[in-house]
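Biologist: I am new to this model and would love a close look at one part of it. Could you show me the whole first and then zoom in?

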Amino acid sequence: MSAPAAPSPALSARGLTRRFGGLVAVRDVDLDLTVGELHAVIGPNGAGKSTLINLLSGDLAPTAGEIRIGGTDVAGWPAFRIARRGVGRSYQRTNILGELTVLENVRLAAQRGRTTVGGLLAPAGRRRDIVAAAEAALATVGLASRAARTAGLLSHGEQRQLEIAMTLATEPTILLLDEPLAGMGPEEAEATGRLIAGLATRHAVLLVEHDMDVVFAIAKRVTVMVNGAVIATGLPDAVRADPQVRIAYLGEDA
Ligand SMILES: Nc1ncnc2c1ncn2[C@@H]1O[C@H](COP(=O)(O)OP(=O)(O)OP(=O)(O)O)[C@@H](O)[C@H]1O
Ligand SMILES: [Mg+2]
């Protein structure tokens, strides 16, 4: 009997490149994201990790390259159209509205993911869908009991979890998470890492993260970027042992 075919990627980027004037922030990057395979992208500050997410989400247009989702090249599409293809992203800087409640923040995110231009007066059934999606997203990240709180009063770690809930509320297939653990204490980071590992069983997850303990504990595949380019990609153990990675990133002497 033949082995079961590997699941095909939900998103495939090829030759992805972004220049800012003379600077090549992302250089000829190939990347596959598959449901069930948590793919971490690591690299020093300025390596191009957030720019890569911005290209995949449509927040920035690539200078060159392809981004295939379900057979369609979406490179250069505006963010709202890419979002409709099932891509959700979180931001490195928390993007919440501190004056609103936790539930209101997630509802707005759910609404943004669904509302078409001119469709703000959603029928009641659609509003119920939005509330249900928002509540489910809050439950997933463990913030259900905080729904009525003013978002600005949450702890820093809870605000990062809310940021993840806001991404989930649009019910994406592909999740692009930009440093979701930034600023968390070790226990909170570990718990959120477990949450993200759980999400990766039913989403294709790209995790950009500096917390190496969490990355190497939960990633199925690790890609290392330096100066915009991929210097290594593969199974976590192989990447960790790669001499180029150790010198360029993990801070070891040659
Ligand atoms: N809009 C922009 N205009 C000009 N240069 C930019 C822009 N966005 C990013 N850059 C530059 O591109 C490079 C990559 O930046 P990017 O934010 O993608 O790095 P990063 O890997 O996310 O870093 P960090 O770990 O600090 O978040 C940097 O040199 C940055 O200054
Ligand atoms: Mg960044």
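What radius of gyration does the protein chain have, and what would a compact globule with 254 residues have? And which residues are around ligand 1?

Modeller: Happy to help! This is a predicted model, so local features need pLDDT of at least 70 and side-chain atom pairs count only at pLDDT 80 or more, while totals for chains, interfaces and linings use all residues. Residues are numbered from 1 along each chain as its sequence is written, with chains lettered from A and ligands numbered from 1 in the order in which they are written.

Let's take the whole chain first. The protein chain has a radius of gyration of 18 Å, which agrees with the value near 18 Å for a compact globule of 254 residues (taken over C-alpha atoms; the globule rule is 2.2 Å times the number of residues to the power 0.38). Along the principal axes, its C-alpha atoms fill a box of roughly 60 × 55 × 40 Å. Of the 254 residues, 43% count as buried (20 or more other C-beta atoms, placed from the backbone, within 10 Å of a residue's own). The chain holds 9 helices and 10 strands (DSSP runs numbered from the N terminus: H or I of at least four residues for helices, E of at least two for strands).

Now to the part you asked about. Around ligand 1 we find F20, L23, A25, G43, N45, G46, A47, G48, K49, S50, T51 and Q92 (each with its C-beta atom, placed from the backbone, within 6 Å of the ligand). Strand 2 (23-33) and helix 1 (49-57) each supply at least two residues of this shell, and helix 1 gives the largest share, 3 residues. By type, the shell divides into 4 nonpolar, 7 polar and 1 charged (Ala, Val, Leu, Ile, Met, Phe, Trp, Tyr, Cys and Pro count as nonpolar, Asp, Glu, Lys and Arg as charged, and the others, Gly among them, as polar).

To place this in the chain, look at its domains. There is domain 1 (6-86 + 172-254) and domain 2 (96-171), with bounds from an automatic or database domain assignment. Their centres are 25 Å apart, taken over C-alpha atoms. Across the boundary, 11 residues of domain 1 are in contact with 11 residues of domain 2 (C-beta atoms, placed from the backbone, within 7 Å). On the domain 1 side, strand 7 (174-178) and helix 6 (186-199) each supply at least two residues, with helix 6 giving the largest share, 3 residues.

Definitions and conventions:
Two residues are in contact if their C-beta atoms, placed from the backbone, lie within 7 Å. A residue is buried if 20 or more other C-beta atoms lie within 10 Å of its own, exposed if 12 or fewer, and partly exposed in between; C-beta atoms are placed from the backbone.
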